[in-house]
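Trainee: Pick one part of this model and take me through it closely. I would like to follow the reasoning from single residues up to how they fit together.

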Amino acid sequence: MAMAIMTIILGALGSLVTTSEQSFQYTAGYSQVAQHARVVNDRIAQSIAAAKANTVFPGAFVVYETVGSYAYPDALVVWKPGGTPANPDGLPLFSETVIYTTKSGTPNQLVEITASYYTSSVPALTSMSAWQTAITSIKKDSRSTIIKLTDLLRTCAPTSSSSALRGALRFAQRLRPSDADITAYKAQSTITTKWTDLAWPQGIVGPNFGMRQSCVRWEFQLAPTPTGGVGTVTTLPAVPFFGSACIYYQYAHP
């Protein structure tokens, strides 16, 4: 009788230990991704806050990569010169930029890349194919400086099981006034929309300049990695995180 009672008690204690271990792994895993997310969000937001912008480059630019018929906006280029930019009123040099994207061949890593050796100007914002080629080259070049921000990025196949895995990362940019608004204003043969009528944030505009807003938003998903032990949790749901940052700069009347 005593042995039977002891067996029941030990079985209950074993279940309790297993549950406690799984609970610990669950909590530790999500604490880890929360810390990684704070690092990622702070790093990107600080770069954007320190960005340089002018009428031809709005401080940051989102680069898409096309797979099949789908576009994946998973690279962000920020103009962050260390001092006075080489072309203050023109396009930045690649050496003056910071790139946030996934590491080449390691899609679970979100990295920060600088290419001090790349002294050519960036392409025009309308030439996405040239941007794609340049970003791919920089990601693979051994001379690039790569800082790992997290290695917990969730990965998945974008179109089919045979497609290369991609990190769950997405950037989006909004300009106020938009490029389309400014282009339409310039194209007017008869002035029907005034310069001051464009969507200037908080209405900050004068006859010669307007205060333009460049806002970047991003989303990424991190997958917790539980530690081993009694009753190991092998999979935990990925967690989505969001961030945003804006800069304001003078945009000259064309």
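Mentor: A residue counts as buried when its relative accessible area is under 20%. Keep in mind that this is a predicted model. Take Ile-182 as a warm-up: its relative accessibility is 2%, so Ile-182 is buried. Ile-182 belongs to helix H3, residues 179-186. Beyond its neighbours within four places in sequence, Ile-182 touches Pro-177, Arg-212 and Tyr-251.

Now to the part I want to dwell on: the sheet and its surroundings. Five strands make an open sheet, ordered E1-E2-E3-E4-E5, with antiparallel pairing. The edges are E1 (60-67) and E5 (145-150); each has a single partner strand, so one side of each has no neighbour in the sheet. From one strand to the next, the twist averages 30°. Strands E2 (residues 70-79) and E3 (residues 97-103) run antiparallel and are joined by four bridges. Val-78 has Val-98 as its bridge partner in E3.

Val-78 also leads us to a helix. Ser-47, in helix H1 (residues 2-49), is in contact with Val-78, Lys-80 and Tyr-100, leaving aside neighbours within four places in sequence. The side chains of Ser-47 and Tyr-100 share a polar contact of 2.5 Å. Ser-47 is buried, because its relative accessibility is 2%. A second helix, H2 (residues 128-140), lies across E1, E2, E3, E4 (106-114) and E5, at about 90° to E1.

Next, the aromatic rings. Two rings pair if their centres lie within 6.5 Å. By this rule there are nine aromatic pairs. One of them is Phe-57 with Trp-79, edge-to-face, at 5.9 Å between centres and 85° between planes. This pair links distant parts of the chain: Phe-57 is in the loop between H1 and E1, Trp-79 is in strand E2, and 22 residues separate them. Phe-57 is at 0% relative accessibility, so it counts as buried. Trp-79 is also at 0% and therefore buried.

Compare Tyr-117 and Tyr-118. Their ring centres are 6.3 Å apart and their planes meet at 20°, so this pair is stacked. Tyr-117 is partly exposed at 22%. Tyr-118 is partly exposed at 22% relative accessibility. Tyr-117 has a charged visitor: the charged end of Arg-143 sits over its ring, 4.1 Å from the centre.

Finally, put the pairs together. One aromatic cluster is formed by Phe-57, Phe-61, Trp-79, Phe-94, Tyr-117, Tyr-118 and Trp-131.

Notes:
Residues are numbered from 1 along each chain as its sequence is written. This is a predicted model: local features need pLDDT of at least 70, side-chain atom pairs count only at pLDDT 80 or more; totals for chains, interfaces and linings use all residues. Side-chain values use heavy atoms; hydrogens and water are left out. Helices (H or I, at least four residues) and strands (E, at least two) are DSSP runs, numbered from the N terminus. Buried means under 20% relative accessible area, exposed over 50%, partly exposed in between (1.4 Å probe, protein chains only). A polar contact is a pair of N or O atoms within 3.5 Å; within protein, one must be able to donate a hydrogen and the other to accept it, and residues adjacent in sequence count only if both atoms are side-chain atoms. Contact means heavy atoms within 4.5 Å. Two strands pair if DSSP finds at least two bridges between them. Axes are lines fitted to C-alpha atoms, for helices over the stretch in contact, and angles run from 0 to 180 degrees between N-to-C directions. Rings of Phe, Tyr and Trp (its six-membered ring) pair if their centres lie within 6.5 Å; planes under 30 degrees apart count as stacked, over 60 as edge-to-face and the rest as tilted. A charge sits over a ring if NZ of Lys or CZ of Arg is within 6 Å of the ring centre and within 35 degrees of the ring normal.
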